[in-house]
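Trainee: Could you walk me through reading a structure like this one? I'd like to go feature by feature.

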Amino acid sequence: MTFASILITGASSGIGAALARHYAAPGKILNLWGRDGDRLAAVAEECRARGATVVTRAFDVTEYSKFVIALEEADAAHPLDLAIFNAGLGGSLPKDRVGQDARHAELMAGVNFTAPCIGANVVAGPMAARKKGHIVLVGSVAAAFPLPMAPLYSGSKAGLEMFAQALSLRLRRHGVAVTLVAPGFIDTPMSQSLNEPRPFLISADQAAAIIARRLAKGRRHIVLPWQFSMILGLSKLVPRAVVRAILSVF
Ligand SMILES: NC(=O)c1ccc[n+]([C@@H]2O[C@H](COP(=O)([O-])OP(=O)(O)OC[C@H]3O[C@@H](n4cnc5c(N)ncnc54)[C@H](OP(=O)(O)O)[C@@H]3O)[C@@H](O)[C@H]2O)c1
């Protein structure tokens, strides 16, 4: 499966920027969105140098009405084959804090859950009408574990994972594919800001190559790197109480 018209949110940094570089080639139209206009422009330049046509937009995805209009305009200009909702907000809770404030909870839920759900719903309509298209939601392996150092993050990504599974079943009769990508530790500004160890770390470029290779094969659930796929599988064999006991150390 090849994609010609591609949208990537969170393309100004990390995994999104690496995916943009990966897909950049002559004949490709890339819609690259993020908040930081300067970093986005630098990624766009790299992609143009590789021969792609690039359209950038710098805005906050939690400005939902702007987000919806931008999606409608992007699809009307160049019908999307692939929409990757990758923008995300990370961060862990310091040990001396009990909870996170209301604004942080609202932002985390907005960027990691509400915005990608809105985005997927907007592009699903025209893709279903064309009986063609692929929606990608970038979650996290954190969705599978109740992380005490990041309750909002694991909760928002768990919600996104269930949404992706349900949407995939809903859209398959309309010829639209939905894939959930669940990364482990990828070396980006988001994971660099963590104080915890980052086992099995891979670069953003390695992550983009793995994601693109598996998307081309039509995979519906991509866990990377492979070590986390094994950990997820093994964790299902371990009693929940044991998983909770291990996690409560953090
Ligand atoms: N890195 C990891 O280890 C890891 C692990 C599991 C899952 N993930 C997931 O992978 C995705 C990409 O993360 P990353 O590691 O590449 O992080 P990153 O380098 O921090 O990049 C995050 C991207 O999301 C954009 N973004 C954040 N909030 C936004 C908002 N309100 N509106 C619009 N754009 C916004 C950022 O834009 P600006 O920079 O322009 O503000 C940036 O382009 C996220 O969904 C993350 O949860 C990452």
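Trainee: Where is the kink in α4 centred?

Mentor: Keep in mind that this is a predicted model. To read a bend, compare the helix axis fitted before a residue with the one fitted after it. Here α4 has a kink of about 45 degrees, centred on Gly110.

Trainee: How many residues does α4 have, and how far does it reach?

Mentor: Helix α4 runs over residues 102–130, which makes 29 residues. From first C-alpha to last it reaches 41 Å, close to the 42 Å expected at 1.5 Å a residue.

Trainee: And what does Lys131 do just after α4?

Mentor: Lys131 takes a positive phi of about 55 degrees there, and it's a residue other than glycine. You'll find Lys131 in the loop between α4 and β5 (134–138).

Trainee: While we're on the backbone, which peptide bond is cis?

Mentor: Check omega for that one. The bond from Leu224 to Pro225 is cis, with omega near -10 degrees. Pro225 sits in the loop between β9 (221–224) and α8 (226–235).

Trainee: Now the ligand. Which residues come nearest?

Mentor: Start with the shell: there are 30 residues around the ligand, and Ser12, Ser13, Asp36, Tyr153 and Thr188 come nearest. By class, the shell has 13 nonpolar, 12 polar and 5 charged residues. Helices α1 (14–23), α5 (151–172) and α6 (189–192) each supply at least two residues, and α6 gives the most, with 3.

Trainee: Which polar atoms should I look at around the ligand's oxygen atoms?

Mentor: Look for N or O atoms within 3.5 Å. In the side chain of Ser12, an N or O atom is 2.6 Å from an oxygen atom of the ligand. Arg35 has a polar side-chain atom 2.8 Å from a ligand oxygen, while Asn86 places a polar backbone atom 2.8 Å from a ligand oxygen. As for cover, the ligand has 890 Å² of accessible area on its own, and the protein covers 94% of that.

Trainee: Last one: how do I read aromatic pairs, and how many are there?

Mentor: A pair of aromatic rings is described by the distance of the centres and the angle of the planes. This structure holds 7 aromatic pairs. Take Trp33 and Phe67: their ring centres are 6.3 Å apart and their planes are at 75 degrees, so the pair is edge-to-face. That pair links distant parts of the chain, with Trp33 in strand β2 (residues 29–34) and Phe67 in helix α3 (residues 64–77), 34 residues apart.

Notes. Residues numbered from 1 in each chain as written. Predicted model: local features only at pLDDT ≥ 70, side-chain atom pairs only at ≥ 80, totals over all residues. Heavy atoms only, no water. Helix = DSSP H or I, 4+ residues; strand = E, 2+ residues; numbered from the N terminus. Expected span 1.5 Å × (residues − 1). Bend = angle between axes of the 7 residues up to and from the residue. Near = heavy atom within 4 Å. Polar contact = N/O pair within 3.5 Å; in protein donor to acceptor, adjacent residues only side chain to side chain. Areas by Shrake-Rupley, 256 points an atom, 1.4 Å probe, with all protein chains shown as cover. Nonpolar A, V, L, I, M, F, W, Y, C, P; charged D, E, K, R; others polar. Phe/Tyr/Trp six-rings, centres within 6.5 Å; stacked < 30°, edge-to-face > 60°.
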